[in-house]
Amino acid sequence: HMDSVELYTVKTRIIITCFLGVLIAALFAGSWSIPFLFESSSILYKFGIQKIYLRSGKLVGITVAVLVFLQIVLAFRFAPLLKIVSLKRLIGIHRANGICLSVFIMLHPLLMLASEGFTFYQFEKRYWPEFVGIGLLGFIVLYSAAAFFRNAMGFPYAKWLLTHRIGAVLVAIVMQIHILNVSESFKAGLPRIAALAIGGLTLLMLAGIWVRRLSKNT
């Protein structure tokens, strides 16, 4: 029924789309500046190609976090968004963003390991944030596969949607834990405040999605 929502005028849609584009660009630009303006000490011990790998890995990891945030924004289906594009197109954008997210989440650990000469982390307590990230990687890959191949697997839509929403909450919480503990860049100051703010907004939107679902079932 949401496809029947009346769209804004073309002029209004263009203005709002441009405004949202500027906001998203600012979000990415601000996030990507963190590894440069708030460098962790680990970057000081890297040189040449390994330094490039490490910084690129951090940028890709931050990109994943931003894409997850945008994915939840799309899933929340704000009324203004539905007046800019139809529900069908919004779902298409959500799916395309999910594909991009899946690619970047697999690229992130490869770049981080490349910066260490592909030497795997030792099983020590100090590397627990990295192992949380590895677990999150595996979960997101399975989570995405279930979304993309749901029909082929014969997964009933209602059950899939329930597990999809539960999984989204787990991804948001575990990713926040990983981000806040894996790098010195997010241990204090503006980056930590920004990460907490975006993480908090993500959880609020997820809570809103669950409230809507539960209210429909009552």
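**Exercise 1. Find how far helix α3 reaches from its first C-alpha to its last, and compare that with the expected span.**

Solution. Start with the limits of the element: helix α3 covers residues 48-76, which is 29 residues. Next, take the span in this predicted model: from first to last C-alpha, α3 reaches 43 Å. At 1.5 Å a residue, 42 Å would be expected, and the value found is close to that. Now step past the end of the helix: α3 is followed by R77, whose phi is positive, near 60°.

**Exercise 2. Do the comparison again for helix α9, then work out which of its residues are buried and what covers them.**

Solution. Helix α9 takes in residues 189-216, 28 in number. Its first and last C-alpha atoms lie 41 Å apart, close to the expected 40 Å. Moving to the side chains, the buried residues of α9 are P191, A195, G199, T202, M205, L206, G208 and I209. Finally, look at the cover over these residues: it includes α2 (34-37), α3 and α8 (157-182).

**Exercise 3. Locate V64 and decide whether this residue is buried or exposed.**

Solution. First find its element: V64 sits in helix α3. Then check accessibility: V64 has a relative accessibility of 3%, so it counts as buried, the cut-off for buried being under 20%. Which residues does V64 touch, once those up to four places away in sequence are set aside? They are L101, F104, I105 and M175. Take L101 from that list: V64 and L101 are 37 residues apart in sequence, yet their C-alpha atoms are 5.9 Å apart in space.

**Exercise 4. Two residues, R77 and F118, have a positive phi although neither is a glycine. Place each one and classify its exposure.**

Solution. Begin with R77, where phi is about 60°. R77 belongs to the loop between α3 and α4 (79-82). Its relative accessibility is 36%, so R77 counts as partly exposed. Now turn to F118, where phi is also about 60°. F118 lies in the loop between α5 (87-114) and α6 (128-148). With a relative accessible area of 58%, F118 is exposed, since the cut-off for exposed is over 50%.

**Exercise 5. In the loop between α5 and α6, find S115 and list its contacts.**

Solution. S115 is in that loop. A relative accessible area of 1% makes S115 buried. Leave out neighbours within four places in sequence, and the residues in contact with S115 are K46, Q50, Y53 and L54.

**Exercise 6. Step back to the whole chain: how many helices and strands are there, and how does the radius of gyration compare with the globule rule?**

Solution. Counting elements gives 9 helices and 0 strands. The radius of gyration is 19 Å, close to the 17 Å that the globule rule gives for 218 residues, so the chain is as compact as a globular protein of that length. Along its principal axes, the C-alpha trace spans about 55 × 40 × 30 Å.

Next, consider packing. Buried residues make up 35% of the 218 residues. Of the contacts with a separation of 6 or more, 71% join residues 24 or more positions apart.

Last, look at the surface and the charges. The chain exposes about 13100 Å², with carbon and sulfur atoms supplying 73% of this area. There are 21 positive and 7 negative charges, and the mean positions of the two sets are 12 Å apart.

Key
Residues are numbered from 1 along each chain as its sequence is written. This is a predicted model: local features need pLDDT of at least 70, side-chain atom pairs count only at pLDDT 80 or more; totals for chains, interfaces and linings use all residues. Side-chain values use heavy atoms; hydrogens and water are left out. Helices (H or I, at least four residues) and strands (E, at least two) are DSSP runs, numbered from the N terminus. The radius of gyration is taken over C-alpha atoms; the globule rule is 2.2 Å times the number of residues to the power 0.38. Buried means under 20% relative accessible area, exposed over 50%, partly exposed in between (1.4 Å probe, protein chains only). Contact means heavy atoms within 4.5 Å. Accessible areas come from the Shrake-Rupley method with a 1.4 Å probe; for residues, only the protein chains shown count as cover. Lys and Arg count as positive and Asp and Glu as negative; His and the chain ends are not counted. The place of a charge is taken as NZ of Lys, CZ of Arg, CG of Asp or CD of Glu. The expected span of a helix is 1.5 Å times one less than its number of residues.
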